Amino acid sequence: MNICMIGAGYVGLVSAACLSEFGWKVACIDKDASRVESLNRGEVPIYEPGLDDLLKRNIEGGRITFSTDLGPAIKSADLVFLAVGTPMRRGDGYADLSYVYSAVEEIAAHLDGFTVITTKSTVPVGTSREIERRLRSIRPDSDFAVCSNPEFLREGSAIRDFMHPDRILVGSDDERAKVVMERLYQPLALRDAPLMFVTRESAELAKYAANAFLALKISFINEVADLCEDLGADVQEVAKAIGKDGRIGDKFLHPGPGYGGSCFPKDVSALIRTAREARSPLSIIEQVQTVNDERKIAMGMRIEKAANGSVRDKRIAILGVTFKPNTDDMREAPSLTIVPLLQERGATVVVYDPQGRAHGEELLPGVTWCSDAMSACEGADVAVILTEWNEFRALNLSAVKEAMRGDVMVDLRNVFQASEATSSGLEYHSIGRVH
Ligand code: UDX
């Protein structure tokens, strides 16, 4: 089967690499010539564990190619994936579909023989139908079907998530398209991954509803963490206890400084907008968003409180600035709210992140970047764990305390045990736990 993946961004690149690993021939098309050139040299423009090797193997095997030239790839494709960006539109929080629709116009010009076109990026409900309408009006002579096939990949474990999905969701009302999609995912079906066929609208909405529900779990546990502190309970014990109930589940109940990333904030916002427009507002999800926005600010204030009420002229070491570990992605990261808040209040901020510097340098002006956690802690009054990178778990807390000028540690991810930190001489603050 010949596949054309339009968009060599995060979703496009991971999906294309994994599909080529199944043995399909994948032509990956991107408008960014320099990105295409570097991919052809085998350089991977994003940080995702395992992606370099996967791409290298499949480039060498001739199963994946990169180009800016869409025409030939569409002509020979049985299946075209749309994996272009759908950023949040400024002002109204709605998903910006201009990249999707401009790709659709280009596809229309080159369609040749029965072709399945499927959205992979998260798109508002009704987009697949609208893509079909546009293609029909440009090329009434052509033979195609439009599907929705949302991805559920997590950054940092995207390849594993692709290869071992909880489900594969395909929205389609075309029987020929279903046969193509079934064949495409045959290698995963052999591993018992359930392939679910639903309507296009259900597939599109399910993606938003899944992310909104996960965001809800996070905002819920973050509020429960605050309550735990007030009532003398331990949020980790509470989360574990409720998580044992299969109806609740133990995943996504880790309190923290608020969710970030390229999906949750954008998708929650777009779903709120869609629901309002449909006059069926999702008031719970609106509150999830508010709780998360306020959470990031509250965590900045918490650092200030831990620093004896003022960070003025204090040196604050921030360990981890990416929105989560195992990624270099800074999009909507809590650090983008917390670091400027500390700076505005007069703090000197020093930062270490294993992968965050490349994007972070521009996004966090005025901070000093360090090459490891210990040098960030050197002379610091307060050390803050903001992203739970594994390497922080192995920090020798006595050495951290020795290196610091002060002794305050604010652990916004509950990486350490309170007893371990206090016995190292640190004044330890974490979230949702009383110590
Ligand atoms: C998410 C979805 O999980 C994935 O299915 C979808 O396709 C894209 O969006 P991702 O953004 O990569 O994936 O990260 P995820 O691991 O879900 O974490 C999102 C945010 O929530 C991070 O900021 C993380 O720190 C936070 N989080 C997650 C918590 O604060 N607590 C948790 O228990 C889980």
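The questions below cover a sheet, a ligand site and three asparagines in a predicted model.

This is a predicted model: local features need pLDDT of at least 70, side-chain atom pairs count only at pLDDT 80 or more, and totals for chains, interfaces and linings use all residues. Residues are numbered from 1 along each chain as its sequence is written, and side-chain values use heavy atoms, leaving out hydrogens and water.

Q: In what order do the six strands of the open sheet run?
A: Helices (H or I, at least four residues) and strands (E, at least two) are DSSP runs, numbered from the N terminus. Two strands pair if DSSP finds at least two bridges between them. Here the pairing is parallel, and the edge strands, 11 (368-369) and 14 (427-429), each pair on one side only. The order is 11-10-9-12-13-14.

Q: Which residue of strand 13 stands opposite Ile385?
A: Strand 12 (residues 382-385) pairs with strand 13 (residues 408-411) in the parallel sense. Four bridges join them. Opposite Ile385 stands Asp411.

Q: At what angle does helix 13 run to strand 13?
A: Axes are lines fitted to C-alpha atoms, for helices over the stretch in contact (heavy atoms within 4.5 Å). Angles run from 0 to 180 degrees between N-to-C directions. Helix 13 (residues 283-306) lies across strands 9 (315-319), 12, 13 and 14. Its angle to strand 13 is about 160 degrees.

Q: Is Asn58 buried or exposed?
A: Asn58 lies in helix 3 (residues 51-60). Beyond its neighbours within four places in sequence, its contacts are Ala17, Ser20, Glu21, Arg63 and Ile64. Buried means under 20% relative accessible area, exposed over 50%, partly exposed in between (1.4 Å probe, protein chains only). At 0% relative accessibility, Asn58 is therefore buried.

Q: How much of the ligand's 660 Å² does the protein bury?
A: An oxygen atom of the ligand is 2.9 Å from a side-chain N or O atom of Lys324. Taken alone, the ligand exposes 660 Å² (Shrake-Rupley method, 1.4 Å probe; for residues, only the protein chains shown count as cover). The protein buries 93%.

Q: What is the phi of Asn326?
A: Most residues other than glycine have a negative phi. Asn326 sits in the loop between strand 9 and helix 14 (335-344). It is partly exposed, because its relative accessibility is 34%. Its phi is positive, about 60 degrees.

Q: Which residue in the loop between strand 13 and helix 19 has a positive phi?
A: That loop runs up to helix 19 (418-423). The residue is not glycine, and its phi is near 50 degrees. Its relative accessible area is 9%, so it is buried. It is Asn414.

Key:
Polar contact = N/O pair within 3.5 Å; in protein donor to acceptor, adjacent residues only side chain to side chain.
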